[in-house]
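Hi everyone, thanks for making time for this. I'd like to walk you through one part of a structure that is probably new to most of you, so let's bring it up on the screen.

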Amino acid sequence: MSSESEMRRPEVSAGMAAARDRGVRLGRPPAPLPPSAARAVQLRGEGLSLAEIAAALNAEQVPTPSGKGQWAKSSVKYVLDRYDAAQGSA
C-alpha cells in the first residue's frame with residue numbers, strides 16, 4: 001500500500017528512496033549535544049544508575065536538553081546514547 005503523497009508525486013518518492021540508498025540522512029538534522037551531557041557522562045563514570053544520575057542532575061539543577069521539566073531515566077539514557085554515538089563517529 002502506498003501513501004497518498006507517493007500516489008501524487010511518485011518522482012519525489014523515487015528521488016527520496018534513491019537518496020536513502022546513497023546514505024543521505026533525510027529529515028531534520030539532530031540537535032547539538034547539550035552541555036549537560038558531560039555531567040551525565042561523569043556521573044555514569046562514577047557508576048551511578050540512570051535513576052541516580054537523573055536525581056543528581058535534578059538536585060544540581062542542571063537544565064534538561066529542552067530546558068524544561070526535570071530529568072528522568074529516559075532523558076538521561078537519551079543524552080548518554082547520543083554522547084556515545086557522537087564519540088563513535090568522531
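Let me start with a term we'll want shortly: a crossing of two helices is called right-handed if the near helix is turned clockwise from the far one by less than a right angle, and left-handed if anticlockwise. Please also keep in mind that what you see is a predicted model.

Now, please find helix H3, residues 36-45, and helix H4, residues 50-59. These two pack with their axes 10 Å apart, at an angle of about 130 degrees. That angle makes H3 oblique to H4. As for the term I just introduced, the H3 and H4 crossing is right-handed.

Which residues meet there? From H3 we have Arg39, Ala40, Leu43 and Arg44, and from H4 they meet Ile53, Ala56 and Leu57. Sorting the residues of this contact by character gives five nonpolar, two charged and no polar.

Let's stay with H3 for a moment. Its buried residues are Ser36, Ala37, Ala40, Val41 and Leu43. Looking down the axis of H3, you'd find these buried residues within an arc of 160 degrees, so they line one face of the helix. A quick reminder on helices: an α-helix has 3.6 residues a turn, so residues three or four places apart point the same way. Over on the other side of H3, Ala38 and Gly45 are exposed. And if you follow the chain just past H3, you come to Gly47, which takes a positive phi of about 90 degrees.

Next, two single residues. Ser36 has its place in helix H3. Is Ser36 buried or exposed? Its relative accessibility is 6%, and buried means under 20%, so Ser36 counts as buried. What does Ser36 touch, leaving aside neighbours within four places in sequence? The answer is Val62, Pro63 and Trp71.

The other one is Lys73, which sits in helix H5, residues 73-89. With 53% relative accessibility, Lys73 counts as exposed. Setting aside neighbours within four places in sequence again, Lys73 is in contact with Leu50, Ala51 and Ala54. Have a look at Glu52 as well: Lys73 and Glu52 are 21 residues apart along the chain, and their C-alpha atoms are separated by 8.4 Å.

That's my tour, so thank you for listening, and I'm happy to go back to any part of it.

Technical notes. Residues are numbered from 1 along each chain as its sequence is written. This is a predicted model: local features need pLDDT of at least 70, side-chain atom pairs count only at pLDDT 80 or more; totals for chains, interfaces and linings use all residues. Side-chain values use heavy atoms; hydrogens and water are left out. Axes are lines fitted to C-alpha atoms, for helices over the stretch in contact, and angles run from 0 to 180 degrees between N-to-C directions. Helices (H or I, at least four residues) and strands (E, at least two) are DSSP runs, numbered from the N terminus. Angles under 35 degrees count as roughly parallel, over 145 as roughly antiparallel, 65 to 115 as roughly perpendicular and the rest as oblique. Contact means heavy atoms within 4.5 Å. Ala, Val, Leu, Ile, Met, Phe, Trp, Tyr, Cys and Pro count as nonpolar, Asp, Glu, Lys and Arg as charged, and the others, Gly among them, as polar. Buried means under 20% relative accessible area, exposed over 50%, partly exposed in between (1.4 Å probe, protein chains only). The arc is that of the directions from the helix axis to the C-beta atoms.
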